[in-house]
Amino acid sequence: MHLSDLFSNIKLNEPMKNHTSFKVGGNADIFIEPENVRELTEFIRYAKDNNIPYYIIGNGTNLLVSDYGISGAVIKLGEKISSIQVVEDRIIAQCGAKLPEVAKVAMANSLSGLEFASGIPGSIGGAVAMNAGAYGHEMKDVIETVEVLDGNLEYKVVQNKEMEFGYRKSAVWKNNYIVLGSTFKLKKGSKSEIVSLMDNYTKERQSKQPLDMPSAGSVFKRPEGYYTGKLIEDAGLRGMSIGGAQVSEKHCGFIVNKGGATARDIYNLIKHIQKTIYERFGVELETEVKLIGKFE
Ligand SMILES: Cc1cc2nc3c(=O)[nH]c(=O)nc-3n(C[C@H](O)[C@H](O)[C@H](O)COP(=O)(O)OP(=O)(O)OC[C@H]3O[C@@H](n4cnc5c(N)ncnc54)[C@H](O)[C@@H]3O)c2cc1C
């Protein structure tokens, strides 16, 4: 029996460059976008029974996938599992819903708290896992509970404080959680104020970030006491290229694919930046972007 007889939306040798915002990455042996949580659970059971490693992705906006691809399965939690519900001052969103969409629903219902997230291009699953944030706010400020499947595929509702949110991190990796959705507790506000705050954030992003080029946002975490972009700029690396990968001219914290970049180009540029910043300033830059597959 073929895998495609058992599961819907399954593809073999699927190019990951089609599923990442960097637009790079080799093939995933198996690529599945489950129809619903039942199919997700069944596929993972199948993968475990057959010793197939699997990797969960959302919108692929924080990923660098190797040119050699991914051996095993990639499970994309996207549009199929993406409902958004409003109940009074709460929004209940499934993992595949996109953060800007959820922020828009909040705005349409005069609910304040998610304005900061309107320009973060991830899914709810990815944003909860990463504790995405901007402009002094983070997902953890508005998350009430998170629905997950744990490592034994048991469904759980996890309270905010049990998620161990920190700067771009959460208990997702440690506890092997798959985020199925999240409930956000927001505040009733003035729609015009919400709209105006979102507009300001959008203008700020448009003026400072290279939104017209493929990237994964800020490549590195902010080291305490420094601004990554400034360190990179002060080291004279603005605009530096390796192959098709370039330190953005517009925002030195971003690496952009200026056309034809390989994952190796991006990886080599990351290593070069880390080495230079360490040599010049003694600061270790840690990647915020998640690297998947073989690079060394
Ligand atoms: C132009 C641009 C601007 C950006 N601006 C910001 C910003 O202001 N602030 C910010 O924090 N980030 C920013 N990002 C980065 C990125 O959008 C966020 O990290 C986002 O939260 C990632 O979500 P995703 O769905 O794309 O996750 P992916 O990139 O698909 O995955 C990221 C990680 O989350 C895990 N994951 C994804 N879904 C699930 C799930 N359902 N359950 C368990 N684990 C899961 C993956 O395994 C992976 O480890 C930006 C990116 C771009 C391209």
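The following exchange covers the ligand shell and the annotated active-site residues of a predicted model.

Student: How many residues surround the ligand?
Tutor: The residues closest to the ligand are I56, G58, T61, S123 and G133. The shell divides into 20 nonpolar, 13 polar and 4 charged residues. The number of residues that surround the ligand is 37.

Student: Which element gives the most residues to the shell around the ligand?
Tutor: Elements that give two or more residues to this shell include β3 (54-57), β9 (133-134), β13 (178-185) and β15 (215-218). A helix, α4 (124-130), is also listed. With 5 residues, the element that gives the most is α4.

Student: What share of the ligand's exposed area does the protein bury?
Tutor: Polar side-chain atoms lie 2.6 Å from a ligand oxygen in the case of T61 and 3.3 Å from a ligand oxygen in the case of R168. A polar backbone atom of V179 is 2.8 Å from a nitrogen atom of the ligand. Taken alone, the ligand exposes 960 Å², and the share of this that the protein buries is 94%.

Student: How far apart, at most, are the C-alpha atoms of the residues annotated as "active site"?
Tutor: The "active site" annotation comes from an unreviewed UniProt entry and covers R168, S218 and E288. These residues span 121 residues in sequence, yet they gather at one spot, because no two of their C-alpha atoms are more than 11.4 Å apart.

Student: Is R168 buried or exposed?
Tutor: R168 is found in the loop between β12 (155-159) and β13. Its relative accessible area is 12%. Buried means under 20%, so R168 counts as buried.

Student: Which residue offers the backbone oxygen that the side chain of R168 reaches?
Tutor: Leaving out residues up to four places away in sequence, R168 touches M130, N131, A132, G133, A134, E138, K221 and E288. The side chain of R168 reaches a backbone oxygen at 3.0 Å, and the residue that offers this oxygen is N131.

Student: What is the accessibility class of S218?
Tutor: S218 has its place in strand β15. The relative accessibility of S218 is 29%. Values between 20% and 50% fall in the middle class, so S218 is partly exposed.

Student: Which residue annotated as "active site" does S218 touch?
Tutor: Not counting residues up to four places away in sequence, S218 touches G253, F254, E288 and V289. The annotation covers R168, S218 and E288. The name found in both lists is E288.

Definitions and conventions. Residues numbered from 1 in each chain as written. Predicted model: local features only at pLDDT ≥ 70, side-chain atom pairs only at ≥ 80, totals over all residues. Heavy atoms only, no water. Near = heavy atom within 4 Å. Polar contact = N/O pair within 3.5 Å; in protein donor to acceptor, adjacent residues only side chain to side chain. Areas by Shrake-Rupley, 256 points an atom, 1.4 Å probe, with all protein chains shown as cover. Helix = DSSP H or I, 4+ residues; strand = E, 2+ residues; numbered from the N terminus. Nonpolar A, V, L, I, M, F, W, Y, C, P; charged D, E, K, R; others polar. UniProt positions renumbered as here; feature names shortened; annotations may be inferred. Buried < 20%, exposed > 50% of the residue type's maximum accessible area, 1.4 Å probe, protein only. Contact = heavy atoms within 4.5 Å.
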